[in-house]
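Me: Could you take a close look at the aromatic side chains here, and at what sits around them? I'd like one connected walk-through rather than a list.

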Amino acid sequence: MLIDTGGIEGDKASEVPINRLIGEQSRQAVAEADVILLLLDARQGVTPDDYQVVEILRRSGKPVHYLVNKIDAPEQIDKLLPTFYELGVPKLWPLSASHGLGLGELLDAVVAELGPPPAEPAAVAEDQPRPVRVAFIGRPNVGKSSLINRLLGSERMVVSEVPGTTRDSVDSLLIRGDRQYQLIDTAGIRRKGKVRESVEKFSVMRALATLERCDLALLVIDAAEGITEQDTKVIGYGLERGRACLVLLNKWDLLKDDQRQQKRLLAEVERAVHFAGYAPVHKLSALSGSGVGKLLPLVDKVSEQYGREFTTSRLNQILTGAVADHPPALHKGRRIKLYYVTQISTRPPTLIIFSNDPKNIHFSYQRFLINRFRDALGLDQVPVRIFFRQRQRRQL
């Protein structure tokens, strides 16, 4: 597992809040690491900050490899490397990250130092449930990182009032009892018109790509600012990918004395996400911790529905009852028949119904069937997908 940290600045730079937070995160990464790689800049030479960082790493007692980067050709070693011997470290590794020079020898040394991998515990089985992948998404500065830190009980994420602090998706494993959660912090998703810098565009693309690998998308909304059109688009992105969604109203404590604003906000959320009416809405405060304790039980409930499987006989009983109560409309005088249904996947529960005329089944009837299956199967908090397929004619 490779942990990339923010750049560690000197004492003066630590007066800037974001730099101080990055430094704290880096020190925590050092405490958790088995092997540390300190990257130095050959072009810049030795700096006062380098001396401070080397001293910090010496005190850690961890194995440290000192890498002098940006030495792009072997003939540059004698010119650029000697100045770094002033640091008094036992060994320097000249390399070029951009060209791959020197990386092979370094990796061999790191792997040898780590030793053989630990044996897999006997209790681990193929059917052991994998962690529930939970992505925290939303606009910048709504409290996604703060909420994850509250759940983890430590400052794993850099939190700052400066929007855009998180540039990439960051994963953290949370274990509670026999349950495991993979918490994914993402960059804030801005409106297209406000995405100017190329690094921000990359951040937004990575945040949306996170929806491809998560089970649950937790849309974090700033209760003080209310829901915006961009928030509804984010939920739409999740729905397009078949993800279960939760709406988290963070900073709810700011509205504790304003019941009128509370009702107005809840009404706005209900109107804005009417197309995902099944998505639970949860009120909390990452700062005070109010409501955070109920979040993981809610995630468990939604996750259980998201992965539920059903027998074909049960599904066909529901389909038969639905067709009896409300048959499909005729198409050009021809009766549309629904023969049988089967479940083809979970996450989300996905059904295929075989018909004599699947192309002409109206979307409103598809919505009727989705609601019927959702009610009958107890899938009130997750999306349900239904596809129609032509039944193959029997060969004579």
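Reply: Let's settle one term before we start: a charge counts as sitting over a ring if NZ of Lys or CZ of Arg is within 6 Å of the ring centre and within 35 degrees of the ring normal. Keep in mind, too, that this is a predicted model.

With that in hand, go to Y339: R391 lies over its face, 3.7 Å from the ring centre. W252 has a charged partner as well, since the charged end of K283 sits over its ring, at 5.5 Å from the centre.

Now for rings meeting rings. There are two aromatic pairs in the structure. In one of them, the centres of Y340 and F354 are 4.7 Å apart and the planes make an angle of 20 degrees, so this pair is stacked; the cut-off for that word is under 30 degrees. Y340 belongs to strand β10 (residues 338-345) and F354 to strand β11 (residues 350-355), so the pair links parts of the chain that are 14 residues apart. F354 is buried, at 14% relative accessible area, while Y340 is partly exposed, at 35%.

The other pair, Y365 with F368, is tilted, with 5.4 Å from centre to centre and 40 degrees between the planes. Both rings come from helix α11 (residues 363-377), where being three residues apart separates them by about one helical turn. Here Y365 is the buried partner, at 6% relative accessibility, and F368 is partly exposed, at 23%.

Some Phe residues show up in a nonpolar core instead. The largest such core has 47 residues, and F136 and F373 are the ones with the most contacts inside it. Helix α9 (residues 295-306) is the top contributor to this core, giving six residues. If you click on F136 and skip its neighbours within four places in sequence, you'll find contacts that include L147, I148, L151, L183, L218, V220 and L248. The list isn't purely nonpolar, though: K144, D185 and T186 are also among the residues F136 touches. Another core lies apart from this one, with 24 residues, including I137, I184, L249 and A279. As general background, nonpolar side chains tend to be buried together in soluble globular proteins.

Notes:
Residues numbered from 1 in each chain as written. Predicted model: local features only at pLDDT ≥ 70, side-chain atom pairs only at ≥ 80, totals over all residues. Heavy atoms only, no water. Phe/Tyr/Trp six-rings, centres within 6.5 Å; stacked < 30°, edge-to-face > 60°. Helix = DSSP H or I, 4+ residues; strand = E, 2+ residues; numbered from the N terminus. Buried < 20%, exposed > 50% of the residue type's maximum accessible area, 1.4 Å probe, protein only. Core = buried A, V, L, I, M, F, W, Y, C linked by side-chain atoms within 4.5 Å. Contact = heavy atoms within 4.5 Å.
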